[in-house]
Amino acid sequence: MFSHVPKTLKTSLASIARCNHFVMSDSGSCVLRDVTLCSPVGEILLSGCEKGVHTINIKLGTDREESVQPVGQSEMSPELQRCVDWIQCYFMKPESISALPLPALHHPLMQSDSFKAHVLWTLFKEVGLGKTVSYKQLAEMIGNPKAVRAVGSAMKNNPVPLIVPCHRVLRSSGDSGSYMGGKGDDIKVWLLTHEKKTLELNASKSEKSI
């Protein structure tokens, strides 16, 4: 790849190649940059372009940290930085999350007019912090109560978990159900517990202020 490049430049060029990649969206080709965060659920890899966030991936089997900080140095677009700020607030000060602007979402799926996009945007807009919904209820919310399995498929294809909160979708029995193909079930339980504690803390503060 760098056969005609002076040896002293190969390392820096290789680093740039790893940090930048391309993806086609409905509005054309996007140059993506990545940033990895440590978090209480393990390392989280964010990827985004100048127009918004494309993907959020929770990396299984990585160390869990109490703090939420970038791992190493990364150049970030304003929208990717906004996503970092949002995730830091979600984990560290979830009671303040509503005061933060959400990052724009620019993954091709989220830009499409597909059924899956409709399901994900409905979940994003209607099911807030600490709330839960069943797959059946979400299907009813989009006006297609028989589309329970299709709703489940949309959850599996969610490119931006945490922001689009697929962890808040439960089975009709109330069981949490699978997360990340069943490999991240404990993460789903942790996220739901984290949000529940926040609501309980806020309720307790409200009672004391009366």
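Buried means under 20% relative accessible area. The model used in these exercises is predicted.

**Exercise 1. Place Ser-47 in the fold, decide whether Ser-47 is buried or exposed, and find its side-chain partner**.

Step 1. Locate the residue. Ser-47 sits in strand β3, residues 44-49.
Step 2. Apply the cut-off. Ser-47 has 5% relative accessibility, so it counts as buried.
Step 3. Look for a partner. The Ser-47 side chain makes a polar contact with the side chain of Asp-34, at 3.0 Å.

**Exercise 2. Count the disulfides, and explain why Cys-49 is not bonded to Cys-30**.

Step 1. Recall the chemistry. A disulfide covalently links the sulfur atoms of two cysteines.
Step 2. Set the limit. The two sulfur atoms must lie within 2.5 Å.
Step 3. Check the pair. Cys-30 holds the cysteine sulfur closest to that of Cys-49, but the separation is 3.8 Å, so it is too far for a bond.
Step 4. Give the count. The model has zero disulfides.
Step 5. Check burial. Cys-49 is buried at 4% relative accessibility. Cys-89 is buried too, with a relative accessible area of 12%.

**Exercise 3. Describe the largest pocket: its space, its lining and the elements that supply it**.

Step 1. Take the volume. The largest pocket holds about 440 Å³ of space.
Step 2. List the lining. It has 20 residues, and Met-155, Lys-156, Tyr-179, Met-180 and Gly-181 are the closest to the pocket centre.
Step 3. Assign elements. β4 (52-58) and α6 (148-156) each supply at least two lining residues. The largest share, six residues, comes from α6.
Step 4. Sort by class. The lining has nine nonpolar, seven polar and four charged residues.

Note on methods: Residues are numbered from 1 along each chain as its sequence is written. This is a predicted model: local features need pLDDT of at least 70, side-chain atom pairs count only at pLDDT 80 or more; totals for chains, interfaces and linings use all residues. Side-chain values use heavy atoms; hydrogens and water are left out. On a 1 Å grid over the protein atoms alone, a cavity is a set of points where a 1.4 Å probe fits but cannot get out, and a pocket is an open set with protein on both sides within 12 Å along at least five of seven lines; lining residues have an atom within 4 Å of a point. Grid points are joined across faces, edges and corners, and a volume is the space filled by probe spheres set on the points. Helices (H or I, at least four residues) and strands (E, at least two) are DSSP runs, numbered from the N terminus. Ala, Val, Leu, Ile, Met, Phe, Trp, Tyr, Cys and Pro count as nonpolar, Asp, Glu, Lys and Arg as charged, and the others, Gly among them, as polar. Buried means under 20% relative accessible area, exposed over 50%, partly exposed in between (1.4 Å probe, protein chains only). A polar contact is a pair of N or O atoms within 3.5 Å; within protein, one must be able to donate a hydrogen and the other to accept it, and residues adjacent in sequence count only if both atoms are side-chain atoms.
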